[in-house]
Structures are given as structure tokens and as C-alpha cells.
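Okay, everyone, thanks for squeezing in. Let me put the thing up on the screen, and then I'll walk you through it.

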Amino acid sequence: MPRAAGGGYYPPEMVFSTPFFLTFFLPLALVLCWAAGAAGHGLPAARRWGPANAALFAASLLFYFWGEGWGVGWLAASVVFNHAAARTLSALRRRAAKRAVLAAAVTGNLAVLGWFKYAGFAARSLDLLPGVSLPVPDVALPLGISFYTFQALAYVVDVYRGGAAPARSFLDFGCYLTMFPQLVAGPIVRWADVAGRVRERDIGLSRVASGLRRFLVGLAKKALVANTVADLADAAWAQAGAGHAIPTSLAWLALLCYSLQIYYDFSGYSDMAIGIGRMLGFDFPENFLHPYASRSVREFWRRWHVSLSTWFRDYLYIPLGGSRCGAARACFNGLVVFALCGLWHGASAVFLLWGLWHGAFLTVERLASARRRGKSAPPADNGGVFRAIAAHAYVVFVFGAGWLLFRSEGAADFRTMLLSLAGAGAPAPETALLWLHVHPKLLLAVACGTVFSLPVLPLLRHRLARLLPAGACWTLESAAAAALGYVSLAFLVGGTYNPFLYFRF
Amino acid sequence: MDRRGLANWFGTLRGRRAAEALFSALLLGFLLSFPVRTAFRGRVAETATLDGENRAATPFPDLAALPAEEWGRGIEAWYGDAMPSRNHFLKRARRWHLGLLLSPFGTCVPGRGGRIFRTGREWPEIEDYLGSFRLSESELDRWADLFAGRRAWAEAMGCTFVSAISPEKVQTMPGAPFPWLARHRGECLFDRLEARLAERGETANVLSLRDALHAPSGGRPLFLADEEDHHPDAEGLYRMYAAIASAIPGCGVVPWYGGTPPPDTAAGRAPGCWTDGKRLRVSSPGAETFRPDILALAPEASPLPNQRGASVRREGGGLHVVMAHTSYLRYTFASWDDPGEAVRFPFDASVARVDSLPWKFLGDGDLDRLSNDAVPDAIVQEINEWHLSQFPTGYTAAKRNAAAFARAEPPEEGKPVPPGAEICVRAILSDVEAGGFRGVPLEGKCPCATATLLRDGIPVAAEPVNPGFRRPVFFPPVAGGGTFTVEIGGGTATVESIVLRFRKPPA
């Protein structure tokens, strides 16, 4: 997954939260796809959604080309290669031949991903060995390659396992793999989950309205919360990167801001993807289930980037043996999965450590759980308020420290931030500048971000549904979504405000 | 249908569907209105100036000239400025940020008393105020060289050069946007520059206008900038002009009358300055505004008409002052909204002519052109204090040579040049012609002639010379004496004079 310059793992370009996408590309793409869907009404059932799929395929390729230029060739090549592999797999009867084709498909996909994403990292790592001097390849990472490669891998493996039938046509498969709502930042959608919708789907008013609402909520998460809190987080890490210790209170606030940024940015993007998918007639899986409400690292990973966690579970952890081969092997498998999960987020030792950090706590939890089961101890959830608070504090510590590692670009800024959090090291005069980023808007975003990162909204919705008539609740929700969308658009357009103030001679 | 009936109807499948249809139609219609309006508007924003942003809108990219990968970026940049209702959203966002959330918006920061502060995106003014921005020793020397070199160059021409450094609003009132900031004043770049000039024993005529804005206020912090603008208000401007006038020998300013000028002054029959709310009003009887020929010297690169230069002339003798200044000093005089409005300067009758240039048009090329035929009595260059954190510009090799010549000593008659001394040579050329050009065209691109300095017939240095009526050429210092002559290549010119000075070898 590409790592943006400011940290995090979001696409640096082609994001949904630009005025151009929101007010130009998206409405035109929706109208094009709906019009093509309407045009297919007279066609035989098998080809009924062909025009709509073609329109979506074309819009997706244009979307990708917009941000990645001729890198779209790699995406197209992936479509051709994986479609051919799946067709071949379904045509073959002999198990050995099928295995060979699967191995070739998996190798091909991983080779491309490995070259673009990991060749530089591998060469740099090997260069550290005495007597080794390898040229470090300088290749640009195509947008979303980690996502679409994982989707393609899941597709060929599912076809091989018989869990899914291959796409009927190249167009259907191309439409699925390149689908622009989830192409560059997920969720990772499996063919088995959307195959039915590719062939036959319903684009009713209620789906469009619900998709719009979801999209607007995601947009607000990104534009109002993530962008706001990112300001302080970026500034704080920039100071740390320059080797300046920062005031302790600001360091903690910056860490909180980054924790909120990464959640709201990523989950906001997923919400927007799910919303657009719904408007186009698709149901993408949920990707975030209030992860910060977790009481264990295990639960955290069942709620955080769910489509990735389940991908690793189904296509790596279980094939490695999962938890069926004894506790020690299960722990080892877990560590392998988390090490690779870390590397999936970025090709550097920092991400590897981040993955192992989570993996280590998961292993500890697994062992503790096995021990409790052996003693027939009561489940962890029954421990009362103090136990719940302690469990939350533990998870906050693990993911907080994890984000500290994740956001740091190297050992130097990690160390500086760690010292700053601990109150060690005198803040440099430059760090007074950080107070410029602390203003009511930031504090409001932090407060709202913290509250709504917990399952407050579903609770509120539930209470309101009991108190108000159905129509009032729906109206309230729709009006709130529309208002959030309007404010978000104003904030995003505000980002284009660029007065010329004589910066140069 | 009563409220209960409406709620019931809404609860039905039909009612719900109708509501969803309305919701979807409204939102999609809203989103679709943008491409539709863009299509109808075409590329209208190509030449537009953006409201309040003081810059031209990004034009639609030339797709034929761009690689395909760049199309998206180019079109998005264009759309970012050309998007329908952009101003509507900007105004909303600005109001919400500055009025409701009391938080920064773009380069605007709300402060106490409803004041808006405008800062650069990277907050360079505040960085400078905190003393956290450090120039390297060599960068500091380059600034010192620039100011001292220009002063020396001007002195060689018989002209006064004043470098006026104006503070940014936040630097004059740091506690207003951020109360903590006032307690953190560090060593600003200007402080360091002053110290460096003093160390070197330079008299560079560098004037800080910060004191002028802090003003005689009996210890009360007096802040003279507009509430919502980053320009100083009328009184602040007057005080800045008064400070500049005090640095130019023989120059004075007309009286200041605050908000109530005498009737003759208000009617334009007597000289004086006053304020009508925010704007500085100036009465200078007999003065006329004209399009200055000096604009031919400084190309009008700015697409904004109100950023261009203007001149004021008054009958009778007096100083000729060239001012290159930022919008600070220009703002009150040259209306942004009405470029045709008269331009006045609060100098008194000792000044017969003022040429006003946009501040960025005072590079060394402009100085050379200024010196071509009519050398003014004084040149004032105003720059913002925070620009010191940028990069020193405009100190070219030619200017360095000129400054070396200005600092060197004329030989005393009958005395030999001291051993080891370096000779600084200035040649005055007239009727310089190259490649068919007899003057530098507005866009400044034309072939140059070459002036070669020969010592005892052997070339020792060469300098390019632009075509023009009269051009001074300063050669780099050369060691050792001899007979010096100048040869012209790549064009023609008449060598009017060659002047030698020497500088002593470093101890």
C-alpha cells in the first residue's frame, strides 16, 4: 500500500475528497453508469448489465489513469493475466495442472507486487550485509497495487478452491477488479461477495439514498476530522524528524491526533467507497467496526481493516495451519501473518516492527486465553467496570505505541517522540510553533473524533428510533448527512484558497 | 394532512420512497449542477483574477503540450480555481473558520478584537519572531553584501539608497493572535543582520520600519494595521513614509492632520495627509500622476493592473525618488479596485518626482537600467521583514564589481599604486548596439555586446553589456598595474571614459 509523504497509508492522489472528484467526476460517472444500466434493459438477461459493467470499467480505468497515468497498463495487465488464469483453472480437470496454474498465477501476482513494492527494500536490506553491494532499484509504486493484487490473488485462489465460479466475461472481471470506488484504498472486495451483483443488481432509490448518506458521512470523516487533526500530527512529527523534542502535552495531543487521523481517514475512505458502491448497486463489506472500542488486540483486529484481516486469515493463516496444529504453531503462524501484514502496509523495517508488535501482543493474548481455558476461568468480559477500563487502557497502549511506530519514518523521530511523550528532553524554541496548530477547530475535531470513534452513533440512532417516529428519524439522519456534506465541501474548497502573498522576490 | 398523518404516511413504504427520491434528486441535482455549469461557463476563469486572492486563476492546461500523465493534475488545478460557486464556498468556509471556530483559515488567523492576521503558509513571520529561523553565516553575509553593495553602488552613482524593512502585522502585535507568542520573542533575522552590518563597519542605510509602527504611544502598544487586512492603516503608512523621508537627505513629508484636515487641505489646495477611516488621503497641490517611463525599465510582468507602477510629478526643482515597494506602502495610494485612481505621495515640496515600482521589480537589471541615463537622487527599496528568511537575491557579479569600485580609493596624483593592490575599473560606454538592438526590449531578451578589459594589450576580464544609450561597466578587480583599455566585441559602442581605483590588499 502506498505510504503518503506525511505518513499513513493513503493514496496521495486520486482521492475522493477533492472538489474535482466530488463535483465533477463522481456525478458524471454515476450518471454514465446509470444510463448504461438503463440502456441494457432491452437486452437478454445474460447481457442485461453488460453496458453498465462496461461503463463502470471505462470510468474506473479513466479514474486510475487520472492519478497514475500510464501505470494503468499494469492494472490492465493484471486484469488480463488473472482473468486468463481463472479461466484456465476452471477449464482444467487434473489437480496437478490446476496447482501448477495456481502457482504460476500467485507467483506472477506476487512477483509484480514484490518488484514494485519490495525490491528497493530488499536491496537496501541486503546492502547492510558485509561484502554485499546491490543496486537499489528506483521504481514508482503504482497506486492501489497492494489492494488489487490481493483481490486478484483471492480471486484465483477462490476459483482454484471451487469457492467461486470464474467471471463469465473479461468485462465482468475487469469491472470487478478495477472498480474505482475501492480500487486505491479498499475495502478488499472478494469476487465471491460481488459476483452476483456484477451479473444482476438493483439500483433503486432507497439504495441510492442510503449510498449517498454513507458517502457523505465518510466525506465528513475525512474532510472535517481527519484533515483537521492531521495538521498537528504532521507538524509534530516534522519537528521530531528534525530532532527537536516537543512539549510533553503537545506530544500526547499529537499522538491522539494521529490515532484519530488514521482511523477517520481510512474509515472515511471506506465509507465513501461503500457509499459509492451502494449507489452503483454493489454491497462492499464493512471495513471498520469501531476498533477503538476494543478490549483486546485480537478484538481490535476483528474491527480494524476487517477486509484485510479476513484476507490474511483466509489466505495465509488458515493455509499455514491456523490454530489447528497446537498452540506453539498457532503463535508462530500468527507472528508470520502479522509480520507480513506489517510489510503489506509499507516496505520498511518500521512496518515490519509494527506488525510484529501487534503480533506479539496477540500471541500473549492467545497464550493467556489458552491458559484460562485450561483452568476453566470465566471469560474476560465478565470482569466488571474496572476490568473493562483496564482492558481498554491496555488496547489504547498497544495501538497508541503501534501508531507511534507506524507514523515515525525512522529511529530518530521515533526516539524523539518517545522522549517527548516521556517528558524527557528540553523542547527547542522552534517547537513553540506547534501551538499555532492548536486552535478551537482542532480541539473540536479531537473531541468529536474521540466520541464518535466509539459506538455512540449506533446507540444514538437506536435511542432516537425508539423516541421518534420512523420518518422523523430518517429525516434527521438525511438532513445531517446533507449538512455534513455541504460543510465538508466548503472545507475542501477552502483548501484551494491560495492567496498570493508575495512569497518570492 | 396533520403532523401525525404526515408521520404515518412517511412511515409507509410509499412515503419513504417518495422522501428518498426527493433526497436523492436534490443531492444528485446539486452535484450534477457543477459539471453542467462548468460546461456552460466554458473556460471563463482563464484570465480571471480571483476575489481576495490577489492572483490570476490557473488557466486550463495546454493538453497538447503536457504529457498524458499530467493531464489530470493540470485539469484539477484549473478546476480548483474555476469550479462554479467556488467563491460561495470560500466565503462560507472563511466565515465558519474565522468567525465561528476562531481558527485559522488558509493564511488568515483570527486574533483578539476581531483582528485578522495574514501569515504565510509556513508561518515564516512567526518563525522569524521566535528567532527559530536561522540563516547560515554565509547567507547572512549575502544579505549584508546585498544591502551594503547596493548602497555603495548607488553612492558611486551619486545617489542615496535606502533599504526599508517593514514588519508583518503579526510582528508588530504578536500577542493578538497568540497570547503566548509575545513572551517568546527571539533574535530575529533583522537583529542579526544589523549586528552583522555593525561588525563589518558598514553603513548600509538599512532602516527598520517596525519602530515607526510601534510609534510614540506612551508605552501603550500601538498597532496600526487594519482589522481585517494585513496592510498598515493610514497613520501607520504615514509614519512609515516619514521614517523613509528621514533617511533621504533633504526630503520631508507634508503635515499629518489625523481625522480632521483643515478645509484647504481637504479641498486639495494645501498640502497635508489625513485619514478617512482606513485610507490615507494625501493632498499635494500641483502634483500630477502619469504613466511613468520608468515602467519601460521594469517590465510589467504582473497580470494585475493595480500592481503596476505609477509616477507623480510636481512642477519645480527637487529630488527624484524611485521607490520599489510592497503593497504595504502602495495600498493606500493605488486602489486595488480602481487602477485609474490618482496616486499621491506624502512627500513635501522638496521632492519633484516619485516613481513607484512594484517591489519585485528592483533587481540588479532594473538598477542598471535606472543608471542608464537618468540617475535618481534616491532609491528606496522596501521589503517585508520576513522576506529576510527567504533568500537574498539580486546581488549579481556586476553589482559586486560596482560595489568594489565604489569602495575602492581613487589614486592620488603622483603617487604609485601600492604594491599588491587590486585595480577596480569602471568604463562608461555610450551608444551600445548588439544584434541590431539599441536598447533592451521590454521582455529583456536581446543579444549582449562584450566589453573586454585589456592591460597592456592583454585581455584580463570581460563583461557583457546590454544595448543602450549609456552603460557603465564595472570589471572585477585585477591585480597589478599597467595601461588599461577596453575593447567592444559582439556589437559596437563608444568608450566615453575609463576610471581606475585601487583597493589595498587585505591585511
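So, chain B to begin with: 43% of its 507 residues count as buried, where buried is 20 or more other C-beta atoms within 10 Å of a residue's own, exposed is 12 or fewer, partly exposed is in between, and the C-beta atoms are placed from the backbone. Before I go on, the housekeeping: this is a predicted model, local features need pLDDT of at least 70, side-chain atom pairs count only at pLDDT 80 or more, and totals for chains, interfaces and linings use all residues. Residues are numbered from 1 along each chain as its sequence is written, and chains are lettered from A and ligands numbered from 1 in the order in which they are written.

Chain B has 14 helices and 18 strands. Those are DSSP runs numbered from the N terminus, with helices being H or I of at least four residues and strands E of at least two. Take the contacts in chain B with a separation of 6 or more: 71% of them are between residues 24 or more positions apart. Contact here is C-beta atoms, placed from the backbone, within 7 Å.

Now the sheet. Seven strands of chain B make an open sheet, ordered β4-β3-β11-β9-β10-β8-β7, with mixed pairing. At the edges sit β4 (206-208) and β7 (287-290) of chain B, each pairing on one side only. From one strand to the next the twist averages 20 degrees. Two strands pair, by the way, if DSSP finds at least two bridges between them.

Look at β11(B), residues 378-384. What does β11(B) pair with in the parallel sense over four bridges? That's β9 of chain B, residues 319-325, and one bridge there puts B:Met323 opposite B:Val380. β3(B) also runs parallel to β11(B), joined by seven bridges, with B:Ser166 partnering B:Asn384.

How many of the residues of β11(B) are buried? Seven of the seven, so the strand is largely enclosed by the rest of the structure. B:Ala378, B:Val380, B:Glu382 and B:Asn384 point one way, while B:Ile379, B:Gln381 and B:Ile383 point the other. Part of the neighbourhood is helix α10 of chain B, residues 234-247, which lies across β3 (160-166), β4 and β11 and runs at about 150 degrees to β3(B). For angles, axes are lines fitted to C-alpha atoms, for helices over the stretch in contact, and the angles run from 0 to 180 degrees between N-to-C directions.

Over to where the two chains meet. Helix α1 of chain A (19-39) and helix α2 of chain B (13-41) have axes that come within 8 Å and cross at roughly 115 degrees. That's why α1(A) and α2(B) count as roughly perpendicular; the bins are under 35 degrees roughly parallel, over 145 roughly antiparallel, 65 to 115 roughly perpendicular, and the rest oblique. Their crossing is left-handed, meaning the near helix is turned anticlockwise from the far one by less than a right angle, with clockwise being right-handed. On the α1(A) side the residues include A:Phe24, A:Leu28 and A:Val31, and they meet a set in α2(B) that includes B:Leu31, B:Leu32 and B:Phe34.

Compare a pair inside chain A. α11 (306-317) and α12 (327-345) of chain A pack at about 125 degrees, axes 11 Å apart, which makes α11(A) oblique to α12(A). α11(A) passes α12(A) in a right-handed crossing. A:Phe312, A:Leu316 and A:Tyr317 of α11(A) make the contact with A:Asn333, A:Val337, A:Leu340 and A:Cys341 of α12(A).

Just before α11(A) there's a backbone oddity. A:His305, in the loop between α10 (297-303) and α11 of chain A, has a positive phi of about 45 degrees although it isn't a glycine. Most residues other than glycine have a negative phi. Is A:His305 buried or exposed? Buried, because it has 22 C-beta neighbours inside 10 Å. Chain B has a case as well: B:Ser85, with phi near 65 degrees, in the loop between α3 (71-82) and α4 (86-100). B:Ser85 is partly exposed, with 16 other C-beta atoms within 10 Å.

Last stop, α7 of chain A, residues 191-199, where A:Trp191, A:Val194 and A:Val198 are buried. They cover an arc of only 85 degrees around the axis, so they're on the same side of α7(A); the arc is taken from the directions from the helix axis to the C-beta atoms. Their cover includes α2 (50-68), α5 (145-161) and α6 (170-178) of chain A.

Definitions and conventions: Two residues are in contact if their C-beta atoms, placed from the backbone, lie within 7 Å.
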